[in-house]
Amino acid sequence: NGVVSARNYRSIQVAVDHWMSGDRFDLDLAGDEVSRNRERAALQVVSNARGRLGELRNIILGDLDPTNFKRRQPRFLESRLSSATEERFSHGLNESQREAIRFALSAEDIAVIHGPPGTGKTTSVVEFICQAVARGEKVLACAPSNTAVDNLLERLAAADQRVVRVGHPARVKEVLREHTLDALVANHDNMRLMRELLRNAE
């Protein structure tokens, strides 16, 4: 198995774990079973979850709360907002974007920012992440494609946020690879010491 790491109209580059001898190769496009298996395992965990994860599942799916047989609505707390948050908002946001960010920042359980293409959803999500980090929270940002994650990464890096991109480096835009976990580990000060320890151990 391999991963397409670069391509243009004349060539394709494939990253493989082990080199195979030979001069010519056939490439067969295959679905990524690893991702599908992880998705199945995650769905199984969520379907059997108790505690906070089970509570969030019930809120999202509209299931009845087993303790009182009522549907628990998502909670929003105005106290989670502060005037300092408003002052830190980026300039250039329109009022509907500001409202979406305030809405998301006040959420205790879940918030959805939606709208037609071109209305500034990505800009709002990036601003939300910046505000959440500014108030001391850690954020895990996910998206349905590598391109969408790279888009978020690019904008967060431009906003001077400390970001770590998790995933196969070959699936990350080349200009953003310095933010991948692999690159950050490889460039860490302790790596030189670790290499020396490995050489001594060998």
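1. A residue counts as buried under 20% relative accessible area, as exposed over 50%, and as partly exposed in between. That scale is used throughout this note on a predicted model. Phe103, with a relative accessible area of 32%, is therefore partly exposed.

2. Phe103 has an aromatic partner. It pairs with Phe76, and the two rings are stacked. Their centres are 4.8 Å apart, and the angle between the planes is 25°. Stacked requires planes under 30 degrees apart, so this pair qualifies. Phe76 is also partly exposed, at 35% relative accessibility.

3. What does the Phe76 and Phe103 pair tie together? Phe76 sits in the loop between α2 (51-61) and α3 (83-88), while Phe103 belongs to helix α4 (residues 95-105). The pair therefore links parts that are 27 residues apart in sequence.

4. The whole structure has two aromatic pairs. Besides the stacked one, Trp19 and Phe25 form an edge-to-face pair. Here the centres are 5.7 Å apart and the planes meet at 65°. Edge-to-face needs over 60 degrees, so the label holds. Trp19 is exposed, with 67% relative accessibility. Phe25 is partly exposed, at 42%.

5. Now the cysteines. How many disulfides does a search of the whole structure find? It finds zero. A disulfide would need two cysteine sulfur atoms within 2.5 Å. For Cys130, the closest cysteine sulfur is that of Cys142, 17 Å away, so the gap is too far for a bond. From the side of Cys142, the closest cysteine sulfur is in Cys130, again at 17 Å and too far.

6. Are Cys130 and Cys142 buried or exposed? Cys130 is buried, at 13% relative accessibility. Cys142 is exposed, with a relative accessible area of 62%.

7. Cys130 also belongs to the largest nonpolar core. This core has nine residues in all. The other members are Val126, Ile129, Leu152, Leu153, Leu156, Val163, Val172 and Leu176. Two elements, α5 (121-134) and α6 (146-158), give two or more residues each to this core.

8. Leu152 is a core member worth inspecting in the viewer. Which residues is Leu152 in contact with, leaving aside neighbours within four places in sequence? They are Thr122, Val125, Val126 and Ala141. Among these contacts, Val126 is itself listed in the largest nonpolar core.

Note on methods:
Residues numbered from 1 in each chain as written. Predicted model: local features only at pLDDT ≥ 70, side-chain atom pairs only at ≥ 80, totals over all residues. Heavy atoms only, no water. Buried < 20%, exposed > 50% of the residue type's maximum accessible area, 1.4 Å probe, protein only. Core = buried A, V, L, I, M, F, W, Y, C linked by side-chain atoms within 4.5 Å. Helix = DSSP H or I, 4+ residues; strand = E, 2+ residues; numbered from the N terminus. Contact = heavy atoms within 4.5 Å. Phe/Tyr/Trp six-rings, centres within 6.5 Å; stacked < 30°, edge-to-face > 60°.
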